[in-house]
Amino acid sequence: MTTPVNVTVTGAAGQIGYALLFRIASGQLLGPDVPVRLRLLEIPQGVKAAEGTAMELDDCAFPLLAGIDIFDDPRRGFDGANIALLVGARPRGPGMERGDLLEANGGIFKPQGEAINAGAAQDVRVLVVGNPANTNALIAQAHAPDVPAERFTAMTRLDHNRALSQLSAKTGAPVGDITGLTIWGNHSATQYPDVFHARVAGRPASELVDEAWLENDFIPTVAKRGAAIIAARGASSAASAANAAVDHVFDWVNGTPAGEWTSVALPSDGSYGVPEGLISSFPARSVGGRWEIVQDLEINAFSRAKIDASVAELVEEREAVKGLGLI
Ligand code: NDP
C-alpha cells in the first residue's frame, strides 16, 4: 500500500463533517487508489460525538481508510496534515455583531494557522469551509508564515455548483454542458455569480438569459440558497457543502478538466483589481497541483459593479480583523 495521505478535518462532529468523512474515507476526495488517514479535530465537547462517527467509519470497512485519530488540540490535529479541511467555526449567535463573530472565529483560526505552520506536511493544502470562510482563511494564513500563502483557500465551490444547477434549470441543458461560470468575491450574500463567460452547450449563456433574470432571479437565488434550504429542511445545507468541499480538493489535487475552470477563493495577486492578499473568489484552474487565476476575461460594467461591491465587503472584513489584532 502507498503511504496514506493525512487528512485533517475540524468540526468533525458537526453536520457537514458527518456528510464529509464517509466520502473522504471511500476515496472520493483524492481518488480510488489513494489511502487516507483521518485526523479529526473537535472542541472538547465534540470529541465524544466524533468518536461515534469514527465507530461508524470503522463499520464501513473502507479499504482505503488507513486509520482515524481524534484530537481536541490543534497542534496534534494538524501534525503531518497533507490536506486540512477547516469546517468547524463559531456560528453567529442571537444578537452577535459581525465584530463579535470575527473575534470568536479569530480565536479558532489563529491557533489553527499556527498549528498548521508548526506541524503540517510541506505540501499542506488548506480549505476553509467554516464561515465567514474567506476571512477565517485570511486569519489562518496570516499565522502560517512558513506555508506558501496560495495553499490557503476558502470554499465558493458550493456557490459555483448552485449557479450551475440554476443555469441548467433555466436553459434545460444538463450541468455537464455548462462551462465558464464564475463566482467572484466573498462567500456571503454579496457574492457575484457571473454567467458572462459561460457557455451552454457551446452557446454563450448571455444569448439565452437576459439581465433582468440575472438581477432579479439568478443572482439572489444563488446567493440566498443557504437560507432557502434552512427554511425548507429545518437545518442548514450539509451534504451539498460536503460535496463541494470534495469537488474543490479533488480538482486541486487532480487538476481541472482541460479548458475548463471552477471557482475558488484564494489570495489575490492583484488580478481583476482585487487588492493583493485578500482571499477572494476567482475563476481558477488547477494545473500541476496549484490554483491559477484565469486571466484576461473581459469584465463588463454590470459585473464590475458587483465584483467591486463584494470585494469592498472583504476589505471591510480585513480591516475589522486587523483592528482586532487578529492579523
Ligand atoms: P456545520 O457542520 O453545519 O457547519 C460548519 C461550518 O461550515 C459553519 O461555519 C457553517 O457556516 C459553514 N458552512 C459553509 N458553507 C455552508 C453551507 N453551505 N451550509 C451550511 N454550513 C456551511 O455546523 P455544526 O454546528 O453542525 O458543526 C460544527 C462543528 O464544529 C461542531 O461539532 C463544533 O463542535 C465544531 N467546532 C470545532 C472547532 C474546532 O475543531 N476547533 C471549532 C468550532 C466548532 P454557517 O454557520 O454560516 O452556517
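**Loops, core and domains of a predicted model**

Biologist: In which loop is the place of Tyr272?

Modeller: The model is predicted. Strand 12 covers residues 262–267, and Tyr272 has its place in the loop that runs between strand 12 and strand 13.

Biologist: Does Tyr272 count as buried or exposed, and with how many C-beta neighbours inside 10 Å?

Modeller: Tyr272 is not a glycine, although its phi is positive at about 55 degrees. A residue is buried if 20 or more other C-beta atoms lie within 10 Å of its own. Tyr272 therefore counts as buried, its C-beta neighbours inside that distance numbering 21.

Biologist: What is phi of Ala61, and does this residue count as buried or exposed?

Modeller: Ala61 lies in the loop between helix 2 (47–60) and strand 3 (65–71). Its phi is near 50 degrees, a positive value in a residue other than glycine. The limit for an exposed residue is 12 or fewer other C-beta atoms within 10 Å; because Ala61 has 8 such neighbours, it counts as exposed.

Biologist: Which residue in the turn of the hairpin of strand 13 and strand 14 has a positive phi?

Modeller: Strand 13 (residues 279–287) pairs with strand 14 in the antiparallel sense, over four bridges. Val287 has Arg290 as its bridge partner in strand 14. The hairpin has two residues between its strands, and the one in the turn with a positive phi, about 60 degrees, is Gly288.

Biologist: Along strand 14, which side chains point to one face and are buried?

Modeller: The side chains of strand 14 (residues 290–293) alternate. Arg290 and Glu292 point to one face and are not buried, whereas the other face, with buried residues, has Trp291 and Ile293.

Biologist: Which residues touch the most other members of the largest nonpolar core?

Modeller: The largest nonpolar core has 90 residues, and those that touch the most other members are Leu85, Ile116 and Val129. At least three residues of this core come from each of domain 1 (5–154) and domain 2 (157–316). For Ile116, the residues touched, not counting those up to four places away in sequence, include Phe78, Ala81, Val124 and Val147. The names asked for are thus Leu85, Ile116 and Val129.

Biologist: What separates the centres of domain 1 and domain 2?

Modeller: The protein is divided into domain 1 (5–154) and domain 2 (157–316). Their contact takes 25 residues from domain 1 and 25 residues from domain 2. On the side of domain 1 that touches domain 2, at least two residues each come from several elements, including helix 1, strand 4 (83–86) and helix 5 (133–142). Taken over C-alpha atoms, the separation of the domain centres is 23 Å.

Biologist: How are the C-alpha atoms of Ala19 and Ala241 separated?

Modeller: Ala19 belongs to helix 1 (residues 15–25), and it is partly exposed, with 18 other C-beta atoms within 10 Å. Leaving aside residues up to four places away in sequence, Ala19 touches Ala238, Ala239 and Ala242. Ala19 and Ala241 are 222 residues apart along the chain, yet the separation of their C-alpha atoms is 8.5 Å.

Biologist: At which residue does UniProt place the feature "active site"?

Modeller: The residue has its place in the loop between strand 8 (182–184) and strand 9 (192–194). With 30 C-beta neighbours inside 10 Å, it counts as buried. Its contacts, not counting residues up to four places away in sequence, include Asn134, Met155, Asp159 and Ser281. The unreviewed UniProt entry places the feature "active site" at His187.

Biologist: Which residues does a cis peptide bond join?

Modeller: The second residue of the pair is found in the loop between strand 5 and helix 5. Omega of the cis peptide bond is about -10 degrees, and the residues joined are Asn131 and Pro132.

Biologist: Why is the protein as compact as a globular protein of that length?

Modeller: The protein has ten helices and 14 strands. The globule rule gives 20 Å for 327 residues, and the protein is as compact as a globular protein of that length because its radius of gyration is close to that value, at 19 Å.

Notes. Residues are numbered from 1 along each chain as its sequence is written. This is a predicted model: local features need pLDDT of at least 70, side-chain atom pairs count only at pLDDT 80 or more; totals for chains, interfaces and linings use all residues. A nonpolar core is a set of buried Ala, Val, Leu, Ile, Met, Phe, Trp, Tyr and Cys residues joined through C-beta atoms within 7 Å. Domain bounds come from an automatic or database domain assignment. Two residues are in contact if their C-beta atoms, placed from the backbone, lie within 7 Å. Two strands pair if DSSP finds at least two bridges between them. The radius of gyration is taken over C-alpha atoms; the globule rule is 2.2 Å times the number of residues to the power 0.38. UniProt positions are given in the numbering used here, feature names are shortened, and annotations may be inferred rather than shown by experiment.
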